[in-house]
Protein chains: 2
Amino acid sequence: MSLIIIGTVAFDAIETPFGKTDKIVGGAATYASLAASYFYKKVKIVGVVGDDFHQDDIDTFTTHGIDTEGLQIKEGEKSFFWSGKYHNDMNSRDTLVTELNVLADFDPIIPESYQDCEYLMLGNLTPQIQQTVIKRLKNRPKLVVLDTMNFWMDVAMDDLLETLKLVDVLTINDEEARQLSGEYSLVKASKKILTMGPKYLIIKKGEHGALLFHEDKIFSAPALPLAEVFDPTGAGDTFAGGFIGYLAKVGTVNFNNMKNAIIFGSALASFCVEKFGTEKIVNLSEDEVAKRVQQFVNLSSFAIEA
Amino acid sequence: MSLIIIGTVAFDAIETPFGKTDKIVGGAATYASLAASYFYKKVKIVGVVGDDFHQDDIDTFTTHGIDTEGLQIKEGEKSFFWSGKYHNDMNSRDTLVTELNVLADFDPIIPESYQDCEYLMLGNLTPQIQQTVIKRLKNRPKLVVLDTMNFWMDVAMDDLLETLKLVDVLTINDEEARQLSGEYSLVKASKKILTMGPKYLIIKKGEHGALLFHEDKIFSAPALPLAEVFDPTGAGDTFAGGFIGYLAKVGTVNFNNMKNAIIFGSALASFCVEKFGTEKIVNLSEDEVAKRVQQFVNLSSFAIEA
């Protein structure tokens, strides 16, 4: 049994009010698999890179016990590259460069050893590639989580709607939930989206936390107020990875476990933004994670006597 | 022992995407005192109206057990009038009309029977009037809560800073916290503001809930996701009134009680926005309030085993 994470594995160059980086390793699958590895030991990655991706970079995955058999390395080609600059409020950013490179004709390969997949995280990619991965798995996983973004709603809405029919959990932000549903109220948006395929909807609200919708139930998770957000890149992917990694560890999918999974995902994401790129989340101790989760408990607990 | 609430008592004309009203009773002290009356029986109001304010309107307070001896009625003058139109997102609005009328030279009178004040809510008014009320009380109340807004930071910052030195709790929204402190991060903003006088800072984030800061502790309260926000007018005042009313009822001021008070205040505010003006909050049953509070408990509770 394993957890497969598919998504971009890439180089990013990031500029924030606090500084800038050269090309550093990034990508949705990178953040998500690292985050998941803190909770679950059988994480397997699916993605594609060029030969500019070095052994050191692959070793980072291996060190975290992440299986990279499904990570294709294209000789003579270059990895996906993204460069962006965050504004002072850290909530908005400009994309400076997007070079698809190997991603332009990415055809995901599912190694035979990955066919034991029980948990599947479909990181942000074209809905068609996400759908292909589901179809190439001989058995339908116990849980399929899909992350997407407004870009695919703009250019590939039909594909996205087809793919959504195949998934259990959708993670998007509030603006994307409004775009997908055509409803401003997140309650109304969630009701519509829960008829599109997913049984669970997670709306990520960044510094305002996250909402989980399922049937007629809602869970509101807080975000940890931080003195400084150093670099928000990858926070959403880290959240998703921590979320599904925790669920894979627990092994039972239900609303209560999802609530906890959101807290664990949020805790990992709160580390992610403290340093550039993956710098913080490659080196966390169990104790650090446990303490951070306890901060979330303290942050949101109250005791009202009925 | 009593809870005094000072603030505007006014007429509002409101337009939202759902409809519009003629002149209806509004004002910070109206919303706050009605909300507080659900928890505490000795609520006393301080404010000023013109002779266009009718006995019926005063009866609404009396019916809720609210003492109106401190509500001055100026013969031959008109009550404060505000008219506003909300945009489709309900988060922003245009002020169409502001007629100060009796408010222009408001000099708050504290009746002798109000001198037993133990809890004081200073609703949004000029910082100078807020300060005057504190000084006209012979004994310093056990708890002074102040609500203010960006307008006073723009035109009366020095007065506001003087007044802040005299209060225990400040309630403002996130943008106001940033303006008051000059810090974008709410954590940094709170640290600065907690050196200005208040020992507790509540940052209201509307649909994203509220944050309570005290010493090195933070509490994050959720907002109830609503299918429809009908009219947000008075929600912040209703929150503040429910908050201080609950604390007055409990009688002990500490961080844990403040957390609960924020939940009760949020519950009342969630009713407020369901109808125009005070329509919903003039007619709540104990059972409705208890059920709404339970919804907040369900919304934010999770159980993580360490």
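This is a short talk on a sheet, two helices and a chain contact in a predicted model.

I will start with the sheet in chain A. Nine strands form an open sheet, in the order E6-E5-E1-E9-E10-E11-E12-E13-E14, and the pairing is mixed. In general, strands of a sheet pair through backbone hydrogen bonds, either parallel or antiparallel. At the edges of this one stand strand E6, residues 67-74, and E14 of chain A; each has a single partner strand, so one side of each has no neighbour in the sheet. From one strand to the next, the twist averages 15°.

Now one pair at the E6 end. Strand E5 of chain A, residues 43-50, runs parallel to E6(A), and six bridges join the two. Within that pairing, Gly47(A) has Leu71(A) of E6(A) as its bridge partner.

Next, a helix on the sheet. Helix H8 of chain A, residues 235-250, lies across several strands of chain A, among them E1, E5 and E9, and runs at about 165° to E9(A).

Then the contact between the chains. Chain A contributes 26 residues and chain B contributes 26 residues. On the chain A side, helix H7 (186-193), strand E14 (217-221), helix H9 (255-272) and helix H10 (286-300) each supply at least two residues. H10(A) gives the most, with four residues. Sorted by class, the side of chain A that touches chain B has 16 nonpolar, five polar and five charged residues.

Last, H9(A). Is this helix largely enclosed or open? Of its 18 residues, 15 are buried, so H9(A) is largely enclosed by the rest of the structure. Its length also agrees with expectation, because 18 residues at 1.5 Å a residue should span 26 Å, and the end C-alpha atoms of H9(A) are 25 Å apart.

Definitions and conventions. Residues are numbered from 1 along each chain as its sequence is written. Chains are lettered from A and ligands numbered from 1 in the order in which they are written. This is a predicted model: local features need pLDDT of at least 70, side-chain atom pairs count only at pLDDT 80 or more; totals for chains, interfaces and linings use all residues. Two residues are in contact if their C-beta atoms, placed from the backbone, lie within 7 Å. Ala, Val, Leu, Ile, Met, Phe, Trp, Tyr, Cys and Pro count as nonpolar, Asp, Glu, Lys and Arg as charged, and the others, Gly among them, as polar. The expected span of a helix is 1.5 Å times one less than its number of residues. A residue is buried if 20 or more other C-beta atoms lie within 10 Å of its own, exposed if 12 or fewer, and partly exposed in between; C-beta atoms are placed from the backbone. Two strands pair if DSSP finds at least two bridges between them. Axes are lines fitted to C-alpha atoms, for helices over the stretch in contact, and angles run from 0 to 180 degrees between N-to-C directions.
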